Amino acid sequence: MTQDQLKAMVGQAALDYVVAGEIVGVGTGSTVNKFIDELGLIKDRIAGAVSSSVASTQRLQALGIPVFDCNDVGELAVYIDGADEIDHRGHMVKGGGAALTREKIVAAQARRFVCIADESKLVERLGRFPLPVEVIPMAAQRIARQFAAMQGQATLRLKDGAPLVTDNGQHILDVRGLLIADPLAFESEVNQWPGVVTVGVFAHQRAQVCLLGTPAGVRTLKFD
């Protein structure tokens, strides 16, 4: 099976976790796009969505799904999103699509985080995928030096030759060379650095369930 087929498989499987009549939290990325397409088929069964990015909002609205602001709704039953990496405890690295801050906000508003991914995203330890960190531009070089002290190499993410600007108007550093042995402690530490908007480690907002696409079908991982 192709990676695209695996993504479509878990996107469809995620419908089982959507609560009828409620607003669903929706993430960002190519795997989530498959889920959004499936959600469009059952749009009459849900009240709408809260989205983690402009791109996802536009895709949802194009399918006729109402999109609400986080501030206008209460607790969400479920948030469904992908991951760049996920370990065997439900900790993730996210932000390859540059939406990590809004993803973390919506995840914090939901009772349950369901991660959808293909099997290549499952790792023993986080750090193989470059770690995204959303930063305030004036702090980027100092934060890069702080990562260098951890043996990490931080580079500014570019788009069309210029610094990528997130939906929040900030920049992204991608950090290579890190092995994150304690995701909770790492996330807590880096989030305290002045100028960091958020780090792409999702340990405090970890997944409770992961639907993993494999050639043998969807493998369901549950984390205590």
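Which residues of strand β2 (residues 48-51) are buried on one side, and which on the other? Keep in mind while looking that this is a predicted model, and begin by selecting β2, where Gly48 and Val50 on one side and Ala49 and Ser51 on the other are all buried, leaving both faces of the strand covered. In a regular strand the side chains alternate between the two faces of the sheet.

Next, add strand β1 (residues 23-26) to the selection, which pairs with β2 in the parallel sense over four bridges. Within this pairing, Gly25 has Val50 of β2 as its bridge partner. If you then show helix α2 (residues 30-39), you will see that β1, α2 and β2 make up a β-α-β unit that is right-handed. From β2 the chain crosses through helix α3 (residues 54-62) to β3, and this β-α-β crossover is likewise described as right-handed.

Now select strand β3 (residues 67-68), which pairs with β2 in the parallel sense over two bridges, with Val67 in β3 serving as the bridge partner of Ala49.

For the last stop, move to an open sheet of three strands, in the order β5-β6-β14, where the pairing is antiparallel. Here β5 (85-86) and β14 (201-202) stand at the edges, and because each has a single partner strand, one side of each is left without a neighbour in the sheet. Select β6 (residues 92-93) together with β14 to view their antiparallel pairing, which runs over two bridges, and centre on Met92, which stands opposite Phe202 in β14.

Terms used: Residues numbered from 1 in each chain as written. Predicted model: local features only at pLDDT ≥ 70, side-chain atom pairs only at ≥ 80, totals over all residues. Heavy atoms only, no water. Pairing = 2+ DSSP bridges. Buried < 20%, exposed > 50% of the residue type's maximum accessible area, 1.4 Å probe, protein only. Right-handed = clockwise from strand over helix to strand, strands pointing away.
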